[in-house]
Structure formats: structure tokens, C-alpha cells
Amino acid sequence: MSIKASGLTKFYGAQKAVDELSFTIPAGQIVGFIGPNGAGKSTTMKMLTGYLPPSAGSAQINGLDIIEHSLEVRKHIGYLPEHNPLYTDMYVKEYLNYVAGIYQLGKIKKQRIEQIVDLTGLTKERKKPIAALSKGYRQRVGIAQALLHDPDVLILDEPTSGLDPNQIVEIRELISSVGKSKTVLLSTHIMQEVEAICDRIIIINNGKLVADDSVSNIHQHATGQQVVTVEFNTDVAREDLEQVQGISKIVHVKDYTWIAEGDGTTDIREKLFAFAVAGNVSVLSLQQKEKTLEQIFQELTK
């Protein structure tokens with residue numbers, strides 16, 4: 001596993017910010033790490049990177065304990081904090097050269113900087129002072145420094161916070177591209193971002209794990225009863241619809257439109273189509289109502 005947390009706990013005085021958090025992330029996954037403000041996301045990320053020591057529990061990066069092998073672990077991690085700390089009086093390429101020196105890249109330093117500048121779309125900005133860059137390009141510089149030493153694991157805390165829609169799309173595309181070859185743990189409040197680029201979601205609340213699954217599975221488990229709106233091309237009898245296998249409740253909306261609730265034993269969309277075919281009736285529309293990820297998030301973190 002690239003990332004493994006076991007009972008990870010952090011106290012700030014008497015306050016428990018992270019409460020026995022456990023999860024594993026295999027290589028090559030992009031994982032959305034979400035929760036309300038104050039849920040413990042940033043604290044967890046800081047512990048995983050070795051920036052903060054845990055009060056209890058343990059974590060490993062590529063099998064290396066974050067405490068026992070702290071320096072070695074940092075070689076495997078690229079980290080972009082929520083508040084991107086840059087030396088704004090430096091030029092872009094000057095700053096990346098400075099970071100490359102910290103990582104002791106040696107003979108490959110110049111080549112690696114050029115590769116990362118190209119990968120992160122900083123070619124036209126590389127000779128500008130960081131202070132003159134837009135926030136979107138500053139985020140690119142932050143991601144560039146996180147990628148410079150070619151880490152196996154990338155930990156990004158709110159990488160698109162405060163960006164405009166075009167910048168958000170560009171950063172998402174960059175993260176998706178990088179995620180093809182690296183493990184990415186991504187903290188964000190933008191649910192569309194999670195659905196767009198993440199293979200899996202970890203949701204925490206008050207420092208505790210409340211959900212850990214793929215996006216599709218979280219949708220499926222949270223939706224519960226299947227609810228379908230169906231429109232036929234002609235009138236059908238309520239008593240006939242009530243006899244369709246798997247339907248527990250049927251409500252007439254208007255004209256030839258009905259809302260059907262399933263009993264969980266079968267997919268009622270298939271049964272409604274079969275019902276229409278058998279009765280020589282056409283189905284004009286069939287829509288399954290699903291909760292949005294925002295709704296699921298709210299229910300899990302109330």
C-alpha cells in the first residue's frame with residue numbers, strides 16, 4: 001500500500017482533532033479526502049507528511065513508518081499545503097532551482113526542472129517573479145515543487161481553492177494526468193471535483209471516518225430505495241402498475257407520468273420496460289432519482 005493509516009489520532013490540548021483514523025490507499029489511486037471545516041483533514045495530511053507527529057496510532061508511506069523513517073518518507077511524498085507557501089520575491093525557475101537543491105537532485109536538476117515546468121504549464125511564466133503570477137499559476141508552482149523530486153505519493157490540500165472556473169478545470173486536468181502514475185490524496189470542498197477526478201472518497205467528520213468507498217458505491221448505498229419517474233404515451237391503470245414486480249409504491253404525478261418506488265428486490269426500470277412492452281405501451285421517459293454527492297455529504301456529516 002502507498003498510504004496506510006492505523007488508528008491515527010491527534011490531540012491539540014484537550015481537543016481531539018483526529019480520532020483513531022484508519023484507511024489504506026493502494027498505488028495508482030486518486031482519492032478525494034473530504035469533510036466539513038474542522039473535520040481534521042489538514043491535520044491528517046500534516047501527520048502523513050511528517051509535519052506533525054501523531055498523538056497515537058501510526059502511518060506508513062510505501063511501507064515506511066512516518067516517525068521511524070521520517071526523512072526517507074519525505075523523499076516519497078510531494079505535498080501542497082492548503083496555504084501554498086512560496087517565496088514570492090523569487091522568479092519561478094529560480095524557486096524551482098532552489099527546491100531542487102533541497103532535494104539534492106544533482107546532475108538531473110536542470111532536466112527535471114524543464115520537465116516539470118512543461119508538465120505544469122509554466123513555460124511562459126518561468127521567468128516571471130512569483131509575486132506577479134495569478135493565484136492559478138501560483139498553485140501550478142506549488143504543484144511543480146511537489147512533483148519536482150518525482151515522488152510516488154502526492155498529497156494536495158485544497159489545490160483549487162480560490163481559483164476561477166477555467167483555472168479549476170486546468171488544475172483538475174493536471175491532477176488527473178499526474179494521477180495516472182502516482183497515488184494522490186486530494187482534499188477539497190468541491191464535490192464536482194471529487195466526482196470528476198477521484199476513484200474513491202474518504203469522508204471524515206469530527207476526526208472520525210464516516211465513509212470510505214468508490215464514488216458509485218457511495219451513491220448506491222446512500223440512495224436507499226430506488227425511485228423512478230416514468231412517462232408513458234398513454235394512460236395506464238394504477239392497479240396494473242401496482243402489480244409490477246419490485247414496486248412497493250406508485251404515485252400518479254400528471255397525465256401519463258408516474259413515480260414508482262422499489263422494494264429493493266430488483267431494478268424496477270427493467271420491470272417497467274417489460275410492463276410497457278407486454279401492454280403495447282411506449283415509454284417516453286424513464287429517470288431514476290439519485291441523491292447528489294452534496295446531499296450525501298450533508299447527511300453523513302450532520
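How many bridges pair strand 6 with strand 7, and in which sense do the two strands run? Strand 6 and strand 7 (residues 153–157) pair in the parallel sense, over four bridges. Before we go on, a word about the model: it is predicted, so local features need a pLDDT of at least 70 and side-chain atom pairs count only at pLDDT 80 or more, while totals for chains, interfaces and linings use all residues. Residues are numbered from 1 along each chain as its sequence is written, and side-chain values use heavy atoms, with hydrogens and water left out.

A few terms will help you. Helices (H or I, at least four residues) and strands (E, at least two) are DSSP runs, numbered from the N terminus. Two strands pair if DSSP finds at least two bridges between them.

Let us stay with strand 6 for a moment. Gly78 has Leu154 of strand 7 as its bridge partner. In a regular strand the side chains alternate between the two faces of the sheet. Both faces of strand 6 are covered: Ile77 and Tyr79 on one side, and Gly78 and Leu80 on the other, are all buried. Here buried means under 20% relative accessible area, exposed means over 50%, and partly exposed lies in between (1.4 Å probe, protein chains only).

Two residues of strand 6 also meet Thr49, which lies in the loop between helix 1 and strand 4. Leaving aside neighbours within four places in sequence, Thr49 is in contact with Arg74, Ile77, Tyr79 and Ile155, where contact means heavy atoms within 4.5 Å. Why does Thr49 count as buried? Thr49 counts as buried because its relative accessibility is 8%.

From that loop, step back to helix 1 (residues 41–48), which lies across strand 1 (3–12), strand 2 and strand 4, running at about 120 degrees to strand 1. For such angles, axes are lines fitted to C-alpha atoms, for helices over the stretch in contact, and the angles run from 0 to 180 degrees between N-to-C directions. The strands below belong to an open sheet of four, in the order 2-1-4-5, with antiparallel pairing. Its edge strands are strand 2 (15–25) and strand 5 (64–65), each pairing on one side only. Two bridges join strand 4 (residues 56–61) to strand 5, and Gln60 stands opposite Asp65 there.

Now look further along the chain, where another open sheet of four antiparallel strands has the order 12-13-11-14. At its edges are strand 12 (247–254) and strand 14 (283–289), each of which pairs on one side only. On average, neighbouring strands of this sheet are turned by 20 degrees against each other, direction ignored. Six bridges join strand 12 to strand 13, with Ile250 partnered by Ala260. The hairpin of these two strands has two residues between them, and Asp255 takes a positive phi near 45 degrees. Strand 13 (residues 257–262) is also joined to strand 11 by five bridges, and Thr229 stands opposite Ile259. Finally, six bridges link strand 11 (residues 227–232) to strand 14, where the bridge partner of Val227 is Lys289.

What about the inside? In soluble globular proteins, nonpolar side chains tend to be buried together. A nonpolar core is a set of buried Ala, Val, Leu, Ile, Met, Phe, Trp, Tyr and Cys residues joined through side-chain atoms within 4.5 Å. The largest one has 45 residues, and those with the most contacts inside it are Tyr95, Val141 and Ile201. A second, separate core of 27 residues includes Phe23, Phe33, Ile155 and Ile204.

There is also empty space to explore. A pocket is an open set of points on a 1 Å grid over the protein atoms alone, where a 1.4 Å probe fits, with protein on both sides within 12 Å along at least five of seven lines; lining residues have an atom within 4 Å of a point. About 810 Å³ of space lies in the largest pocket. Of its 22 lining residues, the closest to the centre are Arg74, Ile77, Ile102, Tyr103 and Gln145. Helix 2 (70–75), strand 6 (77–80) and helix 3 (92–102) each give two or more residues to the lining, and helix 3 has the largest share, with four residues.

Conventions
Points joined across faces, edges and corners; volume = space filled by probe spheres on them.
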